[in-house]
Structure formats: C-alpha cells, structure tokens
Amino acid sequence: MKPEDHAPQGDPDGAVPDTGKAPHLDESVRRIGKSGRDTARSALDTGRALRRLISADFALARSATGRAMAWVAIAVVFGASAWLLLMGALIVLLQRIDGISWLGSFSITALVSLVVTGVAGWRASVFFDYAGMHASRRQLQRLGLFSEDDEDDDQSSADKGTRPPMPSEAAGPQGDGLAGPKPAGMEAP
C-alpha cells in the first residue's frame with residue numbers, strides 16, 4: 001500500500017478533511033444536510049425494497065392459493081368417492097353379517113355421515129371465526145380507523161345507549177335534508 005492511501009480524504013462535496021479542529025458552522029450545516037439526505041435516500045430505498053418484497057409475497061400467495069384450491073378440489077372429489085364406496089361396503093357388511101334390513105343398514109350409514117358432517121361443520125365455523133381478524137379489528141378500532149358499529153342495526157345502537165339520527169335530525173341547517181351550505185343563489189326563501 002502507498003502512504004497516500006491512508007491519507008485523510010475530504011468529503012466528495014469538497015469538505016475539508018478532519019484535522020482535529022471544529023469545522024465552521026456552514027460546513028457543519030452542509031454535513032448535517034448531506035447526512036439527512038443520505039438517511040432519507042436510505043429510507044426511501046428501504047421502503048421500495050419492502051414494497052417489492054410485499055408485492056412478490058402477495059403474488060406468490062395468490063399463485064399458491066390458486067394451486068392449493070385446485071388440489072383441494074381433486075381431494076374433495078376423490079375423498080367423496082372413497083366415502084361413498086366405504087358407506088356402500090358398510091351397508092353390504094351390515095346387511096350380510098348382522099342380518100339388518102337394507103333400510104336399517106342405510107339408516108346407520110346415513111347417521112354416521114350426518115354425525116361426521118355435523119362435526120366438520122362445527123369445526124369449520126370455529127376456524128372461520130378465527131379468520132375474522134378480531135385482534136386487528138380491535139387495534140384499528142383503538143386507532144379510530146375502523147368501527148364495528150353498524151348504523152343499520154338499531155338493536156346494537158340501543159344496547160349502547162345511542163341511536164342513529166332520524167332523517168329530520170340529520171338534515172342540514174337549511175332543513176332540506178341535505179347537509180352543508182347551499183351554493184350561492186340556491187338559498188331557501
């Protein structure tokens with residue numbers, strides 16, 4: 001290495017190298033401004049990279065969801081046909097071995113199918129409830145960005161001690177049912 005490689009270099013803006021003395025005020029302001037611009041550029045670059053990452057993530061999720069739905073459809077078709085074959089075999093088995101009538105065999109397998117359907121429906125409703133994003137809704141409501149209140153639901157308003165305004169109460173200052181000032185020349189007589 002050459003000795004000039006270790007020599008203090010000035011800033012690219014032509015600033016004086018650090019010689020131990022405090023720089024002038026205008027030089028300090030320039031350095032702070034440059035640092036601020038560099039920080040802002042870095043933040044913008046980070047934001048752009050994050051936006052690209054999120055966009056790529058959503059594209060991947062969209063593609064994966066479509067493919068997953070196709071495979072779920074195939075699984076449902078083959079699962080349903082296997083269930084039907086299993087129930088048919090159980091009907092024949094019940095009728096042959098236990099001497100149960102055809103009607104009894106069909107009834108037993110229908111009852112088994114209904115129980116499995118009920119359990120599956122109950123579990124699906126539980127998981128759909130989990131998908132309601134309740135924690136996110138609570139946080140958005142705390143920030144004032146989202147409201148769970150449904151203005152069409154009089155019962156929920158009555159429970160809270162409030163009620164939606166009546167049309168006559170919601171009317172603007174002109175009493176014409178429209179809020180806000182009227183344009184010039186449109187005043188009521």
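**Helix α2 and its aromatic pairs**

Colleague: Is Thr-109 buried or exposed?

Modeller: This is a predicted model. Thr-109 has a relative accessibility of 5%, and the cut-off for buried is under 20%. Thr-109 therefore counts as buried.

Colleague: Where is Thr-109 found, and which residues does Thr-109 touch?

Modeller: Thr-109 is found in helix α2. Leaving out residues up to four places away in sequence, the residues that Thr-109 touches are Met-87, Leu-90 and Ile-91.

Colleague: Which residues of α2 are buried, and what do the buried residues pack against?

Modeller: Thr-109 is one of the buried residues of α2, along with Ser-105, Ser-113 and Val-126. The buried residues of α2 pack against residues 25-97, which is helix α1.

Colleague: What should helix α2 span, and how far apart are its end C-alpha atoms?

Modeller: Helix α2 covers residues 102-130, which is 29 residues. At 1.5 Å a residue, the expected span is 42 Å. That agrees with the distance between the end C-alpha atoms, 42 Å.

Colleague: How many aromatic pairs are there in the whole structure, and what is the geometry of Trp-102 with Phe-106?

Modeller: A search of the whole structure gives two aromatic pairs. In the pair of Trp-102 and Phe-106, the ring centres are 6.4 Å apart and the planes are at 35°. Planes under 30 degrees apart would count as stacked and over 60 as edge-to-face, so this pair is tilted.

Colleague: Where do Trp-102 and Phe-106 lie, and what is the exposure of each?

Modeller: Both residues of this pair, Trp-102 and Phe-106, lie in helix α2, four residues apart, about one turn of the helix. Trp-102 has a relative accessibility of 45%, so Trp-102 counts as partly exposed. Phe-106, at 46%, also counts as partly exposed.

Colleague: What kind of aromatic pair do Phe-127 and Tyr-130 form?

Modeller: Phe-127 and Tyr-130 both lie in helix α2, three residues apart, about one turn of the helix. Their rings are 5.7 Å centre to centre, with 80° between the planes. The pair is edge-to-face.

Colleague: Which of the classes buried, partly exposed and exposed applies to Phe-127, and which to Tyr-130?

Modeller: The cut-off for exposed is over 50% relative accessible area. Phe-127 has 48%, so Phe-127 is partly exposed. Tyr-130 has 60%, so Tyr-130 is exposed.

Colleague: Which residue lies over the face of Trp-122, and at what distance from the ring centre?

Modeller: The residue over the face of Trp-122 is Arg-123. A charge counts as over a ring only within 6 Å of the ring centre. For Arg-123 the distance is 4.9 Å.

Terms used. Residues are numbered from 1 along each chain as its sequence is written. This is a predicted model: local features need pLDDT of at least 70, side-chain atom pairs count only at pLDDT 80 or more; totals for chains, interfaces and linings use all residues. Side-chain values use heavy atoms; hydrogens and water are left out. Helices (H or I, at least four residues) and strands (E, at least two) are DSSP runs, numbered from the N terminus. The expected span of a helix is 1.5 Å times one less than its number of residues. Buried means under 20% relative accessible area, exposed over 50%, partly exposed in between (1.4 Å probe, protein chains only). Contact means heavy atoms within 4.5 Å. Rings of Phe, Tyr and Trp (its six-membered ring) pair if their centres lie within 6.5 Å; planes under 30 degrees apart count as stacked, over 60 as edge-to-face and the rest as tilted. A charge sits over a ring if NZ of Lys or CZ of Arg is within 6 Å of the ring centre and within 35 degrees of the ring normal.
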